[in-house]
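Here's a quick walk through one protein model, written for someone who likes cut-offs spelled out. Have the viewer open while you read.

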Amino acid sequence: MKTIAKSITDNVPLSQAYNQWTQFEEFPHFMEGVKEVKQLDKKSLHWKAEIAGKSEEWNAEITEQIPDHRIAWRSTSGAKNSGV
């Protein structure tokens, strides 16, 4: 399995950065390859993306959420992935 790790540094207030990263349905507007994200409920997401030229779909769950500090998720079906 291929691992891709990326990080960014942004000079915005922490609350602004956290708020952007918790608006999952906005990801297709700024994240390459993400076609659609639907937040199904407070902790469940459905993703559609194009990865290496191939369409992929998966469900994910939010595993940790500390407001203005940290959000983590992992896939529960489909393409395996996770992020913090």
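What follows goes from the overall fold to the sheet, the rings and the charged pairs.

## Ground rules

This is a predicted model, where local features need pLDDT of at least 70, side-chain atom pairs count only at pLDDT 80 or more, and totals for chains, interfaces and linings use all residues. Residues are numbered from 1 along each chain as its sequence is written, and side-chain values use heavy atoms, with hydrogens and water left out.

## The chain as a whole

The protein chain has 1 helix and 5 strands, and read from the N terminus the elements go α-β-β-β-β-β. Helices (H or I, at least four residues) and strands (E, at least two) are DSSP runs, numbered from the N terminus.

How does the radius of gyration of the protein chain sit against a compact globule? For 84 residues such a globule would come out near 12 Å, and the chain has 13 Å, which agrees. That radius is taken over C-alpha atoms, and the globule rule is 2.2 Å times the number of residues to the power 0.38. Along the principal axes, the C-alpha trace spans about 35 × 25 × 25 Å.

On the surface side, the chain exposes about 6400 Å², with carbon and sulfur atoms supplying 48% of it; the areas come from the Shrake-Rupley method with a 1.4 Å probe, and for residues only the protein chains shown count as cover. Buried residues make up 24% of the 84, where buried means under 20% relative accessible area, exposed over 50%, and partly exposed in between (1.4 Å probe, protein chains only). Among contacts (heavy atoms within 4.5 Å) between residues at least 6 apart in sequence, 14% join residues at least 24 apart.

## The sheet

The 5 strands make an open sheet in the order β1-β2-β3-β4-β5, with antiparallel pairing. Two strands pair if DSSP finds at least two bridges between them. Which strands stand at the edges? They are β1 (34-39) and β5 (82-83), each with a single partner strand, so one side of each is left without a neighbour in the sheet.

At the start of the sheet, β1 and β2 (residues 44-51) pair over 5 bridges in the antiparallel sense and form a hairpin with 4 residues between them. One pairing to look up there is V34, whose bridge partner in β2 is A49. Further along, 8 bridges join β3 (residues 54-66) to β4 (residues 70-78), again antiparallel, and N59 has S77 as its bridge partner in β4.

T76 also lies in β4. Leaving out residues up to four places away in sequence, T76 touches N59, A60 and E61. T76 counts as partly exposed at 47% relative accessibility. From T76 to F27 it's 49 residues in sequence and 19 Å in space, C-alpha to C-alpha.

## Aromatic rings

A search of the whole structure turns up 9 aromatic pairs. Rings of Phe, Tyr and Trp (its six-membered ring) pair if their centres lie within 6.5 Å; planes under 30 degrees apart count as stacked, over 60 as edge-to-face and the rest as tilted. For W21 and F27, the centres are 5.3 Å apart and the planes at 85°, so the pair is edge-to-face. W21 and F30 have centres 5.9 Å apart and planes at 90°, so that pair is edge-to-face too.

How exposed are these residues? F27 is buried, with a relative accessible area of 0%, while W21 is partly exposed at 30% and F30 is partly exposed at 39%. Ring pairs link W21, F24, F27, F30, W47, W58 and W73 into a cluster.

## Salt bridges

The whole structure holds 4 salt bridges, each a side-chain nitrogen of Lys or Arg within 4 Å of a carboxyl oxygen of Asp or Glu. K48 pairs with E36, with the closest N and O atoms 3.4 Å apart; K48 sits in β2 and E36 in β1, 12 residues apart. Both are partly exposed, K48 at 32% and E36 at 26%.

R74 and E61 meet at 2.5 Å, N to O, linking β4 to β3 across 13 residues. R74 is partly exposed at 42%, as is E61 at 26%. K54 and E56 form another salt bridge, at 3.7 Å, N to O; K54 counts as exposed at 52%, whereas E56 is partly exposed at 22%.
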